[in-house]
Each structure stands twice: as structure tokens, then as C-alpha cells.
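Work through the exercises below with the model open. Try each task before you read its solution.

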Amino acid sequence: MFRSLRMKLTMIMLMLMGSQMAIVGTFLTTGVSSFYMNNFYRQLDSVFGLDQREFVSDLRNAADDDNGAESLREMLDANAGPLGIDYHTRNYFVLDGETGAWLAGSASADALPMEQSLNLLTARTAVARGDSTAVGDDSYLNAEYMDAAIPILSGEHSYIIYILDNQETLTGLNQQLFHIILQSLVLGLLITALLSFLLAKTMVGPLEKLTAGAEEVAAGKFGTALPVESTDEIGTLTGTFNEMAGVLHTTLAAMENERDKLDTLFLYMTDGVVAFDMSGAVIHCNPAATNMLQRKVEIGSRYDDLFGGLFAFGDMLALKRPSHAEGEMMVGERTLELLLAPFSHQELGGVLAVLHDVTERHRNEERRKEFVANVSHELRTPLTNVRSYAETLRDADGEIPPDMSNNFLDIIINETDRMTHIVQDLLILSRLDAGNTEIAFTRFPFGEAIESVVRANALNARARNHELTFRAEEELPCIEGDRNRLEQVMMNIIGNAIKYTPDGGHIRVTAGLTGDRQQVWMDVWDDGIGIPEESRARVFERFYRVDKARSRESGGTGLGLSIAWEIIQRHRGTLTLPPHDGPGTTFRVTLPVAQKSRAEEASS
Ligand code: ADP
């Protein structure tokens, strides 16, 4: 209850007020008491003091009378005014100098103090010593009464004039003062309570509003700025608080924006990202990482279960930026490259793992190596032949019969032609790969192109006793493309069919429309040696040949189909091996129909 600033302020004010009144009360009552006492002695001094010796000697003379006590009483009665004798609270007494017994007075002997007053004792001692100057007039502030004893010595009589004030006036005065102070205290406290309430309201009210505002900001609500109601320190504080909340809001919004950006980036990036906290638990994992790791990575999964086999988590945390760890791991058939680096070494830091799928890169690298090995191998064989025949001719020194040397020279020319073919095909492929090949797109009738290629192969087919036929299933439209290159593709496929079919075989070329009449197709069917199941997927690879010896024998380079595949790709078509019943093979080419011919079709 007393923890609130409002209560504390009220309590401090009340305590201040109370202590103030207590101090004032104490000073006031003490002041009044000492004033009263001083006044008492001033009055006595004005009657019995040194400069009033005449009155004292008059008293001594009166004491000489037979009834000295009575005479003294009369004289004192006459001076009752200056002495402040009111016959009630202040009285005078005429006492016997030796015994201290009551002889006369303004009040009876009962009014005398029960115990012997110190002042009275002083006076009696003075009387006993015959000293008329020693006066007992020493009272203290806290005593119950004030008194003074004046010895009167004359001849054989000795008296003591004893003035006694029972302080009832002072007590009454003090009591009244106390009541006044008490009343003002109560009134003061009431006023103070009211004032402190108002003060607290003006001071604590804005602070309470500020606290409520701070609580809202802490809860993430930046809605409205607090009103600045004054120009004092609290007003300045409210203004500064509003500014701070504004800056905080902008900063938080910027951070949230950054986080959203990062989230979107993580969500759609092709690289996998997994973040771990300081304890090695997953705090973030994007879909690409889940895909690559081929498992569901829950928040809280352990580092050791994922990458513990490659690097220890502690070592990763200890890495100093910009150094990082790199490794490779196999997940199923895929090869993943893993990059690990710590982020922020603070309490909220951890380790970030980035995953790249390098399977394709590895495969390409493998393919490249294989390709270089194949090229070297393909060129080495004819080169070796050329060299050995040329050496034989040189070493024979004209001793070889002309028939044989001519035969050797033919072989050399053949091998050189072969090498030229290989180099030419490689050149075509490399141009296609680099995208440097100019494809001259023209519009030409698809059926006509097939017919001309079939015609060009007729002689070849007849030489092998093949039956080569062409049949279009319907009227074929025009296509758009590089006629020369597309005819080269057809030539290659039909040529292969002739090559890889034993003599006296059948080669059937058919064509038609497909894909909602948006594409043309051409099938080259033969009943030749066929392609085994395991090789079907590889025939479009560079230098791939099912039977190397047979292919080389027939002058093949193993590049024909890969060139054909690349050319068909450039024409947005397909080159496939559809299912084939019985012995032999079928190759299928599909190509898009030319735009114009579609329009023509629509109008017709
Ligand atoms: P090549 O110059 O050796 O003919 P290609 O790239 O044209 O090279 O063909 C690749 C391989 O595919 C050939 O070596 C052959 O083994 C196989 N092949 C192609 N066409 C046929 C076919 N019609 N019948 C059987 N095998 C074929």
C-alpha cells in the first residue's frame, strides 16, 4: 500500500506537518514557561532587588516591632500588586527565620510545599549564619512551583519572607496552548492531506499515464502517442518517451521487414538453410533443406543427428568469422555440399548450415572427364592406324607391292576422313553447346523434307537390299525451322536404321499430326538389331554406341544422335525412342507446326 508514489508523497507531507507542529509546540511551551519564570523573578527583583534596599530596610524595621510578622504582612499586602500576589496561585508567607514555621501570609500554612524547598533552606541557613544578603531564588523550569525566600534579620527577630507560585497559571496556559496546537495540527493534517492529494494528482497522474503507456509499448502496441500536458520535467519526459516509442516502432518495423524479407528468401531459395542455436537445436530450416536432406527437420532437432558425422558442433561454434567449414555428404543418390559458419558469438548466436545440391555439378564434371577421355580415345585409334601404316610404307622403302601400298594409302585416307568427321561433329556440337549455331528459320513443308531425305537414302537402302518406304497418314502442314539441319537429323536417323538393320530388312518412315494438330511427328521404324533396354536411355549421350566395333566399322562417330537431339531441342521439338514391338527400333521426332499454317488451317 505504501509502495505507491502517491501514498509515499502523502505520508511524507503528513510527517513533515506533524513534526513541524511538534517542534513549534515544544518551542512555544518552553518559551512560555521560561517567560513566566523570568517574569516571576523580574517582579521579585523589582521589589527585593539590590536597588530596592530601602524597601528591604523598611521590612527590617517593621520586623523589629513586637508583632513583627503582622507588620511584615501589612507591608507585603501593600506591595501585593508589584509582587504579582493574586492570593490564589501566587502567595506570600511570613515564616519564622529559625524554625521556618508559618507566622502570617496571604494563604494559610496548608499552601506551603510539603517538602522543604531548596530556596527556603538557603534562606534559613543564611538566617542561621546571620547573613542577610543570601537570598534563595533559584527555581528550575520543570519544577512544580516557583519560589523565593528572602531572609529578614533585625535585632533579635529573624523572619523569612517566602513567595510561592504554584504555577497553576502556567499549567493552564500550557494546557490551552497544547489544545490550540492540537487543533491546528488536526486542521494542518487535513489541509496537508488535501494538498498532498492534489499534488500527487498533478505529479503522479502523468507518471501513471506514462507507466500505462510504457506497458502498452512493452506489449508491442504503438497506437497513440501520450499527450504532453505540461512543460515541466514530466512533460519533457513524456515527450522523450513518445520520441523513444516512435524510434522503437520504426526500428521494430524495419527489423520485421528485414525478417520478412529473409523468411521469403529462405522459403524460395534453392539452397538449403538450417540454423542452430547455441545448444545445437534447430531453430530454422527452409523447405529446400528439408528436400535435400530427404527428411522432416523439426524445430528442436539436434545438430548431431544431422551433421554430427561431419563436424563437431563445438568446433563450429569456436570458428572465428569469416572462416567457415566445408564438407560434402551423400543423401541417397544426391551429393550435398555443406557450408557451416557460426553467427554472432552472443547468447543468441548459433551455427548456420547452408546446403548446395552439387549432384548435377558432379555429374557434369564426370561427363566432361568422360567426354575428354572419349575424344582422346576416338582420335587416338585412327591416329595410331595412320601412323603405323605410314611408318610401314616408309620403312618398306618401295619393297611393298603397289596393290598393297595403295591399300595402305586408302586406309590412311579413310582414317583421316574419320578423324575429319569426328572433328567436324565435335565442332557442330560445341557450337550448339555455346549457342553460336545460326539456325536459319524458314517455313517449309514437313512432308516434302521427309520425302527428299528418303529419296536420298533410297540408293543406300537398295544396296543393302532394304525395303525403304514413306507414308504420310494425312496431309502434312508446314513447319518453321532450319531445313538443312532438320534434314541432317532425318538423314542421321534413317541412315542409322539402314546401318543397324541386317541386309534385306524393312525401314518404314511414317508421319502425321498430333497434340491437337499443333505438332507434326515422324517415326522411323526398322526391324534391325534393335537397342537393348539398358542402352535406350544412353543412345543420345555423346560417343555412346551400343556396339563400338560395329559402329566404327560402319563409319559412325557415336555423335550423330547427340547432334540430332541438340538440333531438335533448338526447334522446341522432341527426339524419343517410343515402345517398339518385335525386333528393331523406332525413333520418333516431333516438331511444332508453323504459326502461319495454323492460321491457314483455321481459315480453311
Ligand atoms: P553412330 O555414328 O555410331 O551411328 P549415333 O549417335 O548415330 O552414332 O548412334 C548411337 C548408337 O545408337 C549407335 O552406335 C548404335 O549402337 C545405336 N543405334 C542408333 N540407331 C540405331 C538403330 N536404328 N538400330 C539399332 N541401334 C541404333
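**Exercise 1. A loop proline**

Is Pro-579 buried or exposed? Place the residue in the chain as well.

Solution. Bear in mind that this is a predicted model. Step one: locate the residue. Pro-579 sits in the loop that joins strand E15 (574-576) to strand E16 (585-592). Step two: read its accessibility. The relative accessible area of Pro-579 is 79%. Step three: apply the cut-off. Exposed means over 50%, so Pro-579 is exposed. Step four: look across the model. The C-alpha atom of Pro-579 is 146 Å from that of Met-114, and 465 residues separate the two along the chain.

**Exercise 2. Domain layout**

List the domains, then say how far apart the C-alpha centres of domain 2 and domain 5 lie.

Solution. Begin with the bounds. Domain 1 covers 49-166 and domain 2 covers 222-268. Domain 3 runs over 272-357, domain 4 over 367-423 and domain 5 over 442-603. Now take the centres. Those of domain 2 and domain 5 are 70 Å apart.

**Exercise 3. The ligand shell**

Which residues come nearest to the ligand, and which element gives the largest share of its shell?

Solution. Start with the shell. It holds 23 residues. Asn-496, Tyr-500, Ser-551, Thr-557 and Leu-561 come nearest.

Next, go through polar atom pairs at the ligand:

- The side chain of Tyr-500 has an N or O atom 2.9 Å from a ligand oxygen.
- Gly-560 places a backbone N or O atom 3.3 Å from an oxygen of the ligand.
- Leu-561 has a polar backbone atom 2.8 Å from a ligand oxygen.

Then consider cover. On its own the ligand has 530 Å² of accessible area, and the protein covers 98% of that. Finally, sort the shell by element. Helix H14 (483-499), helix H17 (560-570) and E16 each give two or more residues. H14 makes the largest contribution, with four residues.

**Exercise 4. A threonine in E16**

Which side chain makes a polar contact with the side chain of Thr-590? Classify Thr-590 by accessibility too.

Solution. Thr-590 belongs to strand E16. Its relative accessible area is 9%. Buried means under 20%, so Thr-590 is buried. The contact partner is the side chain of Thr-574, at 2.4 Å.

**Exercise 5. Positive phi**

Where do Gln-167 and Arg-572 lie, and what are their phi values?

Solution. Take Gln-167 to begin. This residue is in the loop between strand E4 (157-165) and H6. Its phi is positive, about 60°, although Gln-167 is not a glycine. Gln-167 has 6% relative accessibility and counts as buried.

Turn to Arg-572. Its loop lies between H17 and E15. Phi is near 55°, again positive in a residue other than glycine. Arg-572 reaches 67% relative accessibility and counts as exposed.

**Exercise 6. A nonpolar patch**

Which residues make the nonpolar surface patch of about 610 Å²?

Solution. The patch is made by Leu-187, Ile-191, Leu-194, Leu-195, Phe-197 and Leu-198. Now pick out Leu-195. Helix H6 (residues 168-218) contains Leu-195. Relative accessibility is 47% for Leu-195, which counts as partly exposed.

**Exercise 7. Salt bridges**

How many salt bridges does the structure hold? Describe examples and the accessibility of their residues.

Solution. The count is 29. Work through three pairs.

Pair one: Asp-131 bridges to Arg-129, with the closest N and O atoms 3.8 Å apart. Asp-131 is partly exposed at 22%, whereas Arg-129 is exposed at 59%.

Pair two: Glu-360 meets Arg-367 at 4.0 Å, N to O. Glu-360 is partly exposed, at 37%. Arg-367 is partly exposed, at 46%.

Pair three: Arg-394 and Asp-395 bring their closest N and O atoms to 3.2 Å. Arg-394 is exposed, at 58%. Asp-395 is exposed, at 54%.

Close with a network. Salt bridges link Glu-378, Glu-415, Arg-418 and Arg-545.

Methods. Residues are numbered from 1 along each chain as its sequence is written. This is a predicted model: local features need pLDDT of at least 70, side-chain atom pairs count only at pLDDT 80 or more; totals for chains, interfaces and linings use all residues. Side-chain values use heavy atoms; hydrogens and water are left out. Domain bounds come from an automatic or database domain assignment. Buried means under 20% relative accessible area, exposed over 50%, partly exposed in between (1.4 Å probe, protein chains only). Patches are made of residues with over 30% relative accessible area and no salt bridge: like charges are joined within 9 Å, nonpolar side chains (Val, Leu, Ile, Met, Phe, Trp, Tyr) within 5 Å. Accessible areas come from the Shrake-Rupley method with a 1.4 Å probe; for residues, only the protein chains shown count as cover. A salt bridge is a side-chain nitrogen of Lys or Arg within 4 Å of a carboxyl oxygen of Asp or Glu. A residue is near a molecule or strand if one of its heavy atoms lies within 4 Å of it. A polar contact is a pair of N or O atoms within 3.5 Å; within protein, one must be able to donate a hydrogen and the other to accept it, and residues adjacent in sequence count only if both atoms are side-chain atoms.
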